[in-house]
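User: Hey, got a minute to walk me through this model? I'd like to go piece by piece.

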Amino acid sequence: MLILKNVDVHYGKIHAIKRVSLHVNKGEIVALIGGNGAGKTTLLRTISGLIRSSNGSLVFDGLDISRQSPDTIVKKGISHVPEGRLVFKPLSVEDNLLLGSYNWYSLKNRSEIKDDMERIYSIFPILEKRRKQLAGTLSGGEQQMLAIGRALMSRPQFLLLDEPSMGLAPTVVKEIFRYIVELRDTYGLTVLLVEQNARSALRIANTGYVLETGRIILQGPAEDLLLNRDVQRAYLGRDVDYTI
Amino acid sequence: MYWEGEKECINRDALKQLQLERLQSTLFRVYMNVPFYRKKFDEIGIDPDDFRSLEDLSKLPFTSKDDLRMSYPYGMFAVPLREVVRVQASSGTTGMPTAVGYTRNDIKNWSHLVARILMAGGVTQNDIVQIAFDYGLFTGALGLHYGAERLGASVIPISGGNTRRQVKIMQDFKTTALMCTPSYALSIADTLIETGINVNSLSLKYGLFGAEPWSEAMRQELEEKLKIIATDNYGLSEVMGPGVAGECLERKGLHINEDHFLVEVVDPETLEPLSAGETGELVITTLTKEAFPVIRFRTRDLTSLRTEPCPCRRTFVRMNKVMGRTDDMIKIKGMNVFPSQVEAVLFEIEGTEPHYQIIVDRKGAIDELTVLVEVSESIFFDQVKKQKDFIDLIKTRLSSELGISVEVKPVEKRTLERFEGKAKRAIDKRKL
């Protein structure tokens, strides 16, 4: 569904992404893991059109999106849940969700939009309870759900999730990951998931890529990456016994 | 029936993308972790970060068997030994051994790839599999063993040799699938005849043979004598072991597991890539191996690729049956001769047994090629004139196939050496 081939990204003189090739099949969760500064967020922002690649091709559903504007890319069905959630704190939960539908919002669509919002409330019941509350008063986990809900309001087929577990308590992280699996399994969404929390991400993912200083150094079925000792050492925080 | 249908029938564009991704990360890992490759890449100015297309494969350096020998035992490993869960060695058909290693993931992938090939050859979880390859450092037996277990078949790890016992176990355990070298399968078939065991009393259905070149005629012979469907499979320890490629029931070439191996066929002399259909040396690059990745490994096996679609719907390209090794190739009077060519001719002639030996010698300055061939008793003891005509027939047919003159010496049945592992068909007595 999404195919990247030899994508390079430069920030001025910094070569942030080095000829990255990766693909995401329809209906899969693909985990992109790697340390701080590896280029994970940069890659997601390149896919959603916020940053331009200097080289290579990005093809979504058979269409080259490497020179499309971010709003066109949203209309094609890719929705981005940014790192740190970035909900509009002074606005209510409901208004945050409504803003997510800006790409197809019109007075004519009001009832459809209402239906969509109800659907999102049925996925995240807590958001319905808090619908009139200001987003800034929500807990971290609730803000994450709101950010995902807002992304869903654009009716995407493909979600880019950037560090959804960041700053959340372990039980909340579990809950968020359960939701991500539900989005794939029940709603048929395709997900590219960027995570520092490599273990949780690989446990729910179909395949995974390991990004290090801008390059993909490893790719494969998620279960294989969980078994790989380099991955374990670098990203799963596992102590490796150095005695032979 | 497929073991991993989605992967085995992947569309070619998706496969190319997957191969590119895997090759790019493999190149990075060998450059970082294997001094041999770092040095080679640096020498010819290859930056793994700059590798952008599968078409650039031909710019990468080859890896030869000698390169592996020089780094014996652990020099080519791309992971520290503590991550290696198995070490095997090449069968050493030619010269010094080489050691290869596997991580846990390598073993897992290996099992799946073998399971694919077994299933392509007709084997299912309901089969009783007799593995008559030698267990040990050689990858054949253990590779098939793990794959057959992964598939869920019942495995009899009988190992090679002791042919009468093989037959007894086959009878008692109701073996349905036999795995060994084709020449050993033939010994087993002969033993059945000698001991008067009716093949119909056995439960054999499938034979999966490999580890040495064999002809279509040999396949026919084995299928008739053992009442089985015989398929060919291919692998080598330097690359992984069995499971690199295997025939489906169409039996028209071996599907290569292309999501794990990138293959090329090159001219063994000029090393230029050849196109599909042209015969040359098979060259393999591993795409997923963790412990022992190889880049453009020269297998010394001669074959050609077939790219036309297969009715079995697997999309992986096929390689034709290996016709010989570059080092089995006998250069005589300027011609390249392979034992497999001799075998094919002998199979076509009524009255010869499929056991033979090729002897190359030099009389003065002239090379001579003699084929010792076992013949059926009826012909051997018949009138002299008839015998001479028969020998002449073999001579003529061999000479026209090989393009050089050939001496033929008939020998009695069961006088030539039998092989339990890989057959050694040619003896070169020339002092070069």
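User: Let's start with strand β6 of chain B, residues 206-210. How many of its residues are buried?
Analyst: Five of its five residues are buried, so β6(B) is mostly covered. Keep in mind that this is a predicted model.

User: And which way do they point?
Analyst: B:Tyr206, B:Leu208 and B:Gly210 point one way from β6(B), while B:Gly207 and B:Phe209 point the other way. Both sets are buried. In a regular strand, side chains alternate between the two faces of the sheet.

User: Strand β5 of chain B is joined to β6(B), so is that parallel or antiparallel, and how many bridges are there?
Analyst: Parallel, with four bridges between β5(B), residues 177-180, and β6(B). Within this pair, B:Cys180 sits opposite B:Phe209.

User: OK, switching to chain A. What's the strand order in its open sheet?
Analyst: The order is β2-β1-β4-β5 in chain A, four strands with antiparallel pairing. At the edges are β2 (14-24) and β5 (63-64), each pairing on one side only.

User: How many bridges does β5(A) make with β4(A)?
Analyst: Two, and the pairing is antiparallel; β4(A) covers residues 55-60. There, A:Val59 stands opposite A:Asp64 of β5(A).

User: Which helix of chain A packs on that sheet?
Analyst: Helix α1 of chain A, residues 40-47, packs on it and touches β1 (2-11), β2 and β4 of chain A. Its direction makes about 65° with that of β2(A). From the other chain, α2(B) also packs on the sheet, touching β1 and β2 of chain A, and its direction makes about 140° with that of β2(A).

User: What does the contact between the two chains look like in residue counts?
Analyst: 17 residues of chain B are in contact with 18 residues of chain A. On the chain B side, α2 (12-33) and α5 (104-120) are the elements that give two or more residues. The largest share comes from α2(B), with eight residues.

User: What's the chemistry on that side of chain B?
Analyst: The side of chain B touching chain A has nine charged, five polar and three nonpolar residues.

User: Back inside chain A, at what angle do helices α3 and α6 cross?
Analyst: Roughly 35°, and the axes of α3(A) (residues 93-100) and α6(A) (residues 140-152) come within 6 Å. The crossing is right-handed.

User: Which residues meet there?
Analyst: From α3(A) you have A:Val93, A:Asn96, A:Leu97, A:Leu99 and A:Gly100, and they meet A:Leu146, A:Gly149, A:Arg150 and A:Ala151 in α6(A). By class, this contact has five nonpolar residues, three polar and one charged.

User: Now the domains of chain B. Where are they split?
Analyst: Domain 1 is 1-326 and domain 2 is 330-428. Their centres are 30 Å apart, taken over C-alpha atoms. The contact between them takes 19 residues from domain 1 and 14 residues from domain 2.

User: Which element gives the most on the domain 1 side?
Analyst: α8(B), with four residues. By class, that side of domain 1 has nine polar, seven nonpolar and three charged residues.

User: Last one: B:Ile427. Where is it placed, and what does it touch?
Analyst: B:Ile427 lies in strand β21 of chain B, residues 426-428. Leaving out residues up to four places away in sequence, B:Ile427 touches B:Gln357, B:Ile358 and B:Ile359.

User: Why does B:Ile427 count as partly exposed?
Analyst: Because B:Ile427 has 13 C-beta neighbours inside 10 Å, and a residue is buried at 20 or more and exposed at 12 or fewer.

Terms used: Residues are numbered from 1 along each chain as its sequence is written. Chains are lettered from A and ligands numbered from 1 in the order in which they are written. This is a predicted model: local features need pLDDT of at least 70, side-chain atom pairs count only at pLDDT 80 or more; totals for chains, interfaces and linings use all residues. Domain bounds come from an automatic or database domain assignment. Two residues are in contact if their C-beta atoms, placed from the backbone, lie within 7 Å. Ala, Val, Leu, Ile, Met, Phe, Trp, Tyr, Cys and Pro count as nonpolar, Asp, Glu, Lys and Arg as charged, and the others, Gly among them, as polar. Axes are lines fitted to C-alpha atoms, for helices over the stretch in contact, and angles run from 0 to 180 degrees between N-to-C directions. A crossing is left-handed if the near helix is turned anticlockwise from the far one by less than a right angle, and right-handed if clockwise. Two strands pair if DSSP finds at least two bridges between them.
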